[in-house]
Amino acid sequence: MRRPWNIVNSPVYSLATYAKGRLNMNICTYVTAISMQPKQYAVAVYYDTQTLVNLEVQPTCVLQLLHQDQMSLVRKLGKQSGLKIDKQAWLEKHLHLDYWKDYAVLANACAYLKLELIDRVNTGGDHELFYFTTTQYQTLSEQNILMFQDLIDAKIIL
């Protein structure tokens, strides 16, 4: 039997963060809407990551709802640290970037949400919890959203 937190089939996101003219992206599965009006999200971010560093410098980010065609990006964005590799250069080289509202984002994601930091909480675990409000959004596709179970089926997550 799977652990209880692996039973729920949640969407897979990437959080695009920006600081000092540079972009970083990660993979997020610990994401949830926490308010209907205004629309707010809670996003858990690993400690000791470029994403955390960027959020400390720039409180604006873009949450990207991934499409199944983007599954191949999960290993690069989620299993390698932006502190050790230049994810922006890799994404540019492989033609995975586009622009939305003047922000570099993954091309062909299902949706984009521009988020502004409200607050953050040290959880005492391996993630810090960030609270954001949504300032802009766009849905591009409601079909073929990349889900947590897809990552298990592809043996990306064991």
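This tour goes stop by stop through a predicted model.

**Stop 1: helix H1**

Select residues 50-57. This is helix H1. Its buried residues are Gln50, Thr51, Leu52, Asn54 and Leu55. Now ask what covers them. The cover includes strands E1 (13-19), E2 (22-25) and E4 (40-46). It also includes strands E5 (60-65), E8 (111-122) and E9 (127-139). Show these strands in one colour and H1 in another.

**Stop 2: the largest pocket**

Which residues are closest to the centre of the largest pocket? First, its volume: about 800 Å³. Then select Ile27, Thr29, Tyr46, Gly78 and His127, the closest to the centre among the 32 residues that line this pocket. Next, colour the elements that give two or more residues to the lining: E4, H1, helix H2 (74-79) and helix H4 (148-153). H2 gives the largest share, four residues. Colour the lining by class too. You will find 15 nonpolar, 13 polar and four charged residues.

**Stop 3: the second largest pocket**

Move to the second largest pocket, with a volume of about 190 Å³. It is lined by 14 residues. Select Arg22, Leu23, Asn24, Gln50 and Asn54, the closest to its centre. E2, H1 and H3 each give two or more residues to this lining. Which element gives the largest share of the lining of the second largest pocket? H1 does, with four residues. By class, the lining has five nonpolar, five polar and four charged residues. Gln50 and Asn54 should be familiar: both are among the buried residues of H1.

**Stop 4: the largest nonpolar core**

Hide the pockets and look at packing. In soluble globular proteins, nonpolar side chains tend to be buried together. Here the largest nonpolar core has 22 residues. Select Tyr18, Met25, Val62, Leu77, Val105 and Leu106, which have the most contacts inside this core. E1, E2, H2 and strand E7 (103-106) each supply at least two of the core's residues. The largest share, four residues, comes from E7.

Stay on Leu106 and show its neighbours. Leaving out residues up to four places away in sequence, Leu106 touches Ser14, Met25, Gln64, Leu66 and Gln70. Leu106 also touches Leu73, Leu77, Leu91, His96 and Tyr112.

Then look for a second, separate core. It has 18 residues, including Leu15, Val45, Cys110 and Phe130.

**Stop 5: aromatic pairs**

How many aromatic pairs does the structure hold? There are three. Two are worth a visit here.

Select Tyr18 and Tyr103. Their ring centres are 5.1 Å apart and their planes stand at 55 degrees, so this pair is tilted. The pair links distant parts of the chain, with Tyr18 in strand E1 and Tyr103 in strand E7, 85 residues apart. Are these two tyrosines, Tyr18 and Tyr103, buried or exposed? Both are buried.

Now select Phe130 and Phe132. This pair is stacked, at 6.1 Å centre to centre with 15 degrees between the planes. Both Phe130 and Phe132 are buried.

**Stop 6: backbone features**

Turn on the backbone. Most residues other than glycine have a negative phi, and most peptide bonds are trans. Three places depart from that pattern.

- Select Gln37 and Pro38. The peptide bond between them is cis, with omega near -5 degrees. Pro38 sits in the loop between strand E3 (31-35) and E4.
- Select Leu95. Its phi is positive, about 60 degrees, although it is not a glycine. Leu95 is in the loop between H3 and strand E6 (97-100). Leu95 counts as exposed because its relative accessibility is 72%, and the cut-off is over 50%.
- Select Lys155. This residue also has a positive phi of about 60 degrees and is not a glycine. Lys155 lies in the segment after H4. Lys155 is exposed, with a relative accessible area of 60%.

**Last stop: Glu92**

Finish on helix H3 (residues 87-93), where Glu92 lies. Glu92 counts as partly exposed, at 39% relative accessibility. Draw a distance from its C-alpha to that of Met147. The two residues are 25 Å apart in space and 55 residues apart in sequence.

How values were computed: Residues are numbered from 1 along each chain as its sequence is written. This is a predicted model: local features need pLDDT of at least 70, side-chain atom pairs count only at pLDDT 80 or more; totals for chains, interfaces and linings use all residues. Side-chain values use heavy atoms; hydrogens and water are left out. Buried means under 20% relative accessible area, exposed over 50%, partly exposed in between (1.4 Å probe, protein chains only). Contact means heavy atoms within 4.5 Å. On a 1 Å grid over the protein atoms alone, a cavity is a set of points where a 1.4 Å probe fits but cannot get out, and a pocket is an open set with protein on both sides within 12 Å along at least five of seven lines; lining residues have an atom within 4 Å of a point. Grid points are joined across faces, edges and corners, and a volume is the space filled by probe spheres set on the points. Ala, Val, Leu, Ile, Met, Phe, Trp, Tyr, Cys and Pro count as nonpolar, Asp, Glu, Lys and Arg as charged, and the others, Gly among them, as polar. A nonpolar core is a set of buried Ala, Val, Leu, Ile, Met, Phe, Trp, Tyr and Cys residues joined through side-chain atoms within 4.5 Å. Rings of Phe, Tyr and Trp (its six-membered ring) pair if their centres lie within 6.5 Å; planes under 30 degrees apart count as stacked, over 60 as edge-to-face and the rest as tilted.
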